[in-house]
Amino acid sequence: MTSSGEVRRISSNVPFEETVGYSRAVELPNGLVLVSGCTSVVNGAIDAGTPYEQTVNAFQVAFDALETLGLGRDAVVRTRMYITHARDVDEVGRAHKELFDAVRPAASMLIVSGFIDPSLVVEVEVEAYRQERGEGTS
């Protein structure tokens, strides 16, 4: 947890973060961690695979940000999946189930008109929570 009310901001060193002015993830003093929208970027380049592959890749970007903060997918409490086509619901949902079936975060899937790059069909957001030691135990 951050100390003395400090907000931590994590960068993934993607040029777009600097251009637009945002952080990959922000950790609040109350333990809430917000991860910005993530897309299918592998080794700095867009990987425009299937909707399933894009979903897995996008969540991996989010997992990498969480790992930087010392958290894993088990800390995820909410996900949002933005997709460009209703036909991709099953593939995106299958990827989400494989990644989060044991965690079961609150989740939303929304259809949007598009993304900055037309080859992208999925963008995801993640919210996680860092419990204080002893919190949630009996």
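The arrangement of the strands and helices in this predicted model is described below, beginning with the sheet.

The model contains an open sheet of six strands, ordered S1-S2-S3-S8-S6-S7, in which the pairing is mixed. Strand S1 (8-10) and S7 occupy the edges; each has a single partner strand, so one side of each remains without a neighbour in the sheet. On average, neighbouring strands of the sheet are turned by 10° against each other when direction is ignored.

Strand S2 (residues 25-27) is paired with strand S3 (residues 32-38) in the antiparallel sense through three bridges, and Glu27 lies opposite Val33 in S3. Helix H2 (residues 51-68) packs on the sheet, where S1, S2, S3, S6 and S8 are touched by the helix. The direction of H2 makes about 30° with that of S8.

Strand S6 (residues 76-83) is largely enclosed by the rest of the structure, because six of its eight residues are buried, that is, under 20% relative accessible area. Seven bridges connect S6 to strand S8 (residues 122-129), the two running antiparallel; here Met81 has Val124 of S8 as its bridge partner. With strand S7 (residues 106-111), S6 shares six bridges in a parallel arrangement, and Ile83 is partnered by Ile111 of S7.

S6 and S7 also belong, together with helix H3 (residues 89-100), to a right-handed β-α-β unit. H3 packs on the sheet and touches S6, S7 and S8. The direction of H3 makes about 160° with that of S6.

Key
Residues are numbered from 1 along each chain as its sequence is written. This is a predicted model: local features need pLDDT of at least 70, side-chain atom pairs count only at pLDDT 80 or more; totals for chains, interfaces and linings use all residues. Side-chain values use heavy atoms; hydrogens and water are left out. Buried means under 20% relative accessible area, exposed over 50%, partly exposed in between (1.4 Å probe, protein chains only). Helices (H or I, at least four residues) and strands (E, at least two) are DSSP runs, numbered from the N terminus. Two strands pair if DSSP finds at least two bridges between them. A crossover is right-handed if, with the strands pointing away from the viewer, the path from the first strand over the helix to the second runs clockwise. Axes are lines fitted to C-alpha atoms, for helices over the stretch in contact, and angles run from 0 to 180 degrees between N-to-C directions. Contact means heavy atoms within 4.5 Å.
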